[in-house]
Amino acid sequence: MKQENTIVNKVNEDKAVSSNEIADIDFIAEVDAENKLAKHAIQVHKFGGSSLATPKCIKRALEIIRENCQLNDIVVVSANGKTTDRLFALYSLVERTIAEDTIQKSDELTQAIDELAKEQAQLITELLNANNTKQLLLRLHKDIEQLTTWLTADIVQHHNDVLALGEVWSARLLSALLNEQVCPSNSIDSRDFLVIDNEQSCVVDTALSAAQLRQRRQFGKLAVITGYISKDSRGKSCTLGRNGSDYSATIIASLVAAGNVTLWTDVDGIYSADPRVVPSARKLHRLPNGVAKELGRLGNPVLHAKTLLPLINPLSEHHTHLHVASSFDAQVIGTEIGKFGQIAKQELSVTYLNDLLLAQSVSFIGEAATRAKAEFSPICIDDQKGFMVITQGQQKALSDWLASHDVEITFKPVAIIATVGHRVAERGDIRARFKRSLKAAKPLNLVGSDNNHSVIAILPEPCSIELLNTVHHEMTKDARHIGLVVAGMGNIGERFLELLPAQLNKVYALENLHLVGLLSSKKALINNDGIDVNQATSLFAQEAQSYDHEQLISWLTQNPYDELIVVDITPSEDFSLLYEQMFALGVHVIGANKWAASSSTAHYNNLVNTADSHNSLWLGNTTVGAGLPINYAIDDLRQSGDSISELSGIFSGTLSWLFETYDGSSKFSELLLNALAQGITEPDPREDLSGRDVKRKLLILARKAGFELALDDIDCQNLVPEALQALSTSEFLARANELDEYFATALSEANRKGACIRYVARFQHNPETGISAKVSLEVLPQSDAFANLTPCDNIFQISSHWYQDNPLIIRGPGAGRDVTAGGLHSDLVKICQQLAHKQSQVKIKGIN
């Protein structure tokens, strides 16, 4: 099943490695034969240095692997913590020692090597059992001896061998730990299979690398592979650049045609700006490949510039999706990069780079600019004005290249700030807004990128944090994506969907709302790229598939939206039992369903507390009174400081019609059957006559007014005689005339008093006598506010501190397709208005 149009992203397909992929490796730790992995989907998982920095971090990574990997997956690792930095420091120290030729420096080198060895030994001893600790410490000792030899011999020749040690140690340790606690595993040095042309271009020999990787992988073992390092065609160690482990992961994914690559890091996704300096940055849940590649090219702090290259092959039918997630909070949904529809293509972000150079030359005009672009891959180029922006490190090479052509060039220090999004350079509105946001910065030029995924402003001064925040606010202030799931495809659900297209066009608060899910009791249509609101009902009929609640919660857990709203238009108690899980996920609920709001006191209070603690909004104006604003009125009074003492009224449209119409000219049973034929009653009229629905509504309003109450606290008069209560529906309807005598007598007695009979709900709170609540047939004077309603109308009367002598009355249709759907839309607008001002806190966790 495809994620785009079903309830489940079914990626759990087992794929076995063939027997010719089995190979021996040197190191084999103790193996617990029991496989304790939970998942069965082929993926590549890469763990960054901060995710493997301490024993606690490594244990956390181990749990992620347990929950998310299968035996034939691949884990790619960076060096633990700051190990690579320490190896760089050792190398630099040796260079200085050679230059200064001092004994002091030699002693400093010895001390630095010892400290590095102790750090690695501590990780080993804290994590592994005694036997594996002994084996790994022996190997570490040999590596430290080799490191010392390299550093005191020809260090230039062994530069990359020195830097590779961090990844080798990390892979070896994690593999041994997996063998002990999770599953069979083997560690693989990527230099044993990954071949590139050179460190500058890093072009992979795909055929050779893939073949050698097949030989190194062992069937039935989870491979733990070193990131960052490789070899060239001569067999010499190479690195892929700082942060190159991400690039390693995607290269390896392309070699094995993996479906997914997850980069586990210290931030839970890619943001619309660097969240360390832009507090209002919002997570970009899904990014098209081209946009993500452009972000990496222009300095995004999470994406390595080359990471996406192996995954983007326009000629291939295979597409690997890239995920960025936090190993510090694995349950939080990260960012997915791949092929998506229009919702993901609407995302905008802002990035910047300082310490650049603006190079001006006639060689950057016309056809000559094409050669310069191919040679230097500048940040941006304008072949009309003859300039391009490069890094400072490219200055000498560019000067030398032009000198050979006997062409003059000028350089000017600059910075860039860019807005990045799908084809933004082609959108005049985005370009104009970007230009307005930069007015105070006075940019030298605005240039669209070749791929049209960015508009780049060249700045005469370094980009300040203040400017970055200003531009980010202007470009992303309205870029919030809210997913809408509608549960209930019956009469009111269909009307809600019929009204939705017009609402989206005319209500500003719904600007970023996207219909992404439709549910009936048995079938579901989920589309992360959006469901056409103009064809929602027909698309559901054509494409919906069977689902269960477990699958639904799984999708809700993984949904790619800033916010998600579920509109529950079902009558299902089972569906209402999902509210607690929804609230725990931060999902917002609009409920016409009465079950949750009228559930037991303990359950209801738990729902309210769960929603509050997870910032979930729960609105249910249509649970009582359809579209009438009774819930809003009670909320407003309470929030304004008023205290409510009484709630009363006629809460049932069916019972309103019956008793407004019943005048004795015909029998009550005949009137009841007439109402049934018109669809005014439930298919079994006893549902209305029992008073249970009115009782639930009174409970909901009393709770809304701030009182703790249970259904059992409300006295309820059942208008169905006990003798008729247990019959089948058909038997009850056949004996409906047994109702006539009771109601004829009640009406006759009321008429003698110049009064009428009405089925009324009353809740009263008296500080001295306490609470009383009941629903019953009452005799009311004809002058009473409840006595003269339009048949089917509801009426609600509120007495409070402010409304003592003259109660507040709300009256109108309390049922109906249009008014109920309208009430749901009212709740939807209110939630979206509240969410427009909501900001989520960015979590960034390092190794400290």
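Visitor: Which cluster do ring pairs build with Phe659?

Guide: Ring pairs link Phe659 with Tyr662, Phe668, Tyr742 and Phe743. Keep in mind that this is a predicted model.

Visitor: What makes two rings a pair, and how many aromatic pairs are there?

Guide: Their centres must lie within 6.5 Å. By that rule there are 13 aromatic pairs. Phe47 and Trp264 form one of them, with 6.2 Å from centre to centre.

Visitor: Why is the pair of Phe47 and Trp264 called stacked?

Guide: Look at the planes. They stand 10° apart. Planes under 30 degrees apart count as stacked, so this pair is stacked.

Visitor: What does the pair of Phe47 and Trp264 tie together?

Guide: Phe47 belongs to strand β1 and Trp264 to strand β8, so the pair joins parts that are 217 residues apart in sequence.

Visitor: How do you know whether Phe47 and Trp264 are buried or exposed?

Guide: Check the relative accessible area. Phe47 has 0% and Trp264 has 6%. Buried means under 20%, so both residues are buried.

Visitor: Why is the pair of Phe707 and Phe763 called tilted?

Guide: The ring centres are 4.9 Å apart and the planes meet at 50°. Stacked needs under 30 degrees and edge-to-face needs over 60, so this pair falls into the rest and is tilted. Phe707 sits in the loop between α24 and β26, and Phe763 in strand β27, so the pair ties together parts 56 residues apart in sequence.

Visitor: What makes Phe707 buried?

Guide: Its relative accessibility is 14%. The limit is under 20%, so Phe707 counts as buried. Phe763, at 0%, is buried too.

Visitor: How do you know that the charged end of Arg703 sits over the ring of Tyr604?

Guide: The charged end of Arg703 is 4.4 Å from the ring centre of Tyr604. The distance limit is within 6 Å, and the charge must also be within 35 degrees of the ring normal. Arg703 counts as sitting over the ring.

Visitor: Now the helices. Why is α1 called oblique to α5?

Guide: α1 and α5 pack at an angle of about 60°, with their axes 11 Å apart. Roughly parallel is under 35 degrees and roughly perpendicular begins at 65, so α1 is oblique to α5. On the α1 side, the contact includes Ile58 and Leu62. On the α5 side, it includes Leu173 and Leu177. The crossing of α1 and α5 is right-handed.

Visitor: What makes α4 roughly antiparallel to α5?

Guide: The angle between α4 and α5 is about 175°, and the axes are 11 Å apart. Over 145 counts as roughly antiparallel, so α4 and α5 fit that term. Among the contact residues are Trp150 of α4 and Trp169 of α5.

Visitor: Is Lys442 buried or exposed, and how do you know?

Guide: Lys442 has a relative accessible area of 65%. Exposed means over 50%, so Lys442 is exposed. It lies in the loop between α12 and β16. Lys442 also has a positive phi of about 50°, although it is not a glycine.

Visitor: What about Ala626: buried or exposed?

Guide: Ala626 has a relative accessible area of 3%, under the 20% limit, so Ala626 is buried. Its loop runs between β24 and α20. Ala626 is not a glycine, yet its phi is positive, about 50°.

Definitions and conventions. Residues are numbered from 1 along each chain as its sequence is written. This is a predicted model: local features need pLDDT of at least 70, side-chain atom pairs count only at pLDDT 80 or more; totals for chains, interfaces and linings use all residues. Side-chain values use heavy atoms; hydrogens and water are left out. Rings of Phe, Tyr and Trp (its six-membered ring) pair if their centres lie within 6.5 Å; planes under 30 degrees apart count as stacked, over 60 as edge-to-face and the rest as tilted. Helices (H or I, at least four residues) and strands (E, at least two) are DSSP runs, numbered from the N terminus. Buried means under 20% relative accessible area, exposed over 50%, partly exposed in between (1.4 Å probe, protein chains only). Axes are lines fitted to C-alpha atoms, for helices over the stretch in contact, and angles run from 0 to 180 degrees between N-to-C directions. Angles under 35 degrees count as roughly parallel, over 145 as roughly antiparallel, 65 to 115 as roughly perpendicular and the rest as oblique. A crossing is left-handed if the near helix is turned anticlockwise from the far one by less than a right angle, and right-handed if clockwise. Contact means heavy atoms within 4.5 Å.
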